[in-house]
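Reader: I am new to this structure. Please take me through one part of it closely, and keep it brisk.

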Amino acid sequence: MTIDEFYKKYLGRGVDKDQAYGIQCVDLFKCFTDEFFDVSDYNCTNGYANGLWIYRKDKPYYQYFDEVSVNDLKNGDWCFWDRNSRECPDSHVAMYYDGKFFGQNQGGKKEATLINVDKQGILGVLRPKLAKIKYRAHIGGVGWQEWKSDGQTAGTTGQGKRLEAIQID
């Protein structure tokens, strides 16, 4: 899945991923970490979305992200607002996308929307470590191998087997 595919899949939908407190901004972040990294068993610790940032280093998703500056936002970056922020009084989490923020429970709507949200109050930003390219090789007498990414060897070495095809995702 790509960032664009995630956006298109959830735009206009409301998801209660953790079955707690109805549709919340945190649920969309959990959908993301589940679909991209197979990680969804965590909570905010403090009962607010800002806990995802405050306690991030103790969370199972942290290893899959890099911390980046709010001044260098790229599509797919997740921003975490503190409590008492101008537009997010109870804190918030949303994904930066095409100059706006994609999230649930924002702008007066429960479902996922793409809106402008004031950057004032952002505690921090996490950028997902996503593979740039995925590929796999079809080897003579072996068949399709597992998917590889970012420079990993696809195929065999030193076995004299024929590379018959490459599939790029």
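Author: Start with strand β6, residues 122–128, in this predicted model. Six of its seven residues are buried, so the strand counts as mostly covered; buried here means under 20% relative accessible area.

What pairs with β6? Strand β1, residues 65–68, is joined to β6 by four bridges. The two run antiparallel. One pair to look for is F65, whose bridge partner in β6 is P128.

Strand β2, residues 78–83, also pairs with β6. The sense is again antiparallel, over four bridges. Here F80 has G124 of β6 as its bridge partner.

Now follow a contact out of β6. L123 belongs to the 122–128 stretch, and L123 is in contact with N50. N50 sits in the loop between α2 (25–37) and α3 (51–54). Is N50 buried or exposed? N50 is buried, because its relative accessible area is 3% and the cut-off for buried is under 20%. Beyond four places in sequence, N50 also contacts W81, D82, R83 and S91. W81, D82 and R83 fall within β2, residues 78–83. That loop residue thus has contacts in β2 as well as with L123.

For a contrast, turn to strand β10, residues 163–168, where L163 is found. L163 has 47% relative accessibility, so L163 counts as partly exposed. With I133, I166 and I168, L163 makes a nonpolar surface patch of about 390 Å².

Note on methods. Residues are numbered from 1 along each chain as its sequence is written. This is a predicted model: local features need pLDDT of at least 70, side-chain atom pairs count only at pLDDT 80 or more; totals for chains, interfaces and linings use all residues. Side-chain values use heavy atoms; hydrogens and water are left out. Patches are made of residues with over 30% relative accessible area and no salt bridge: like charges are joined within 9 Å, nonpolar side chains (Val, Leu, Ile, Met, Phe, Trp, Tyr) within 5 Å. Accessible areas come from the Shrake-Rupley method with a 1.4 Å probe; for residues, only the protein chains shown count as cover. A salt bridge is a side-chain nitrogen of Lys or Arg within 4 Å of a carboxyl oxygen of Asp or Glu. Buried means under 20% relative accessible area, exposed over 50%, partly exposed in between (1.4 Å probe, protein chains only). Contact means heavy atoms within 4.5 Å. Two strands pair if DSSP finds at least two bridges between them.
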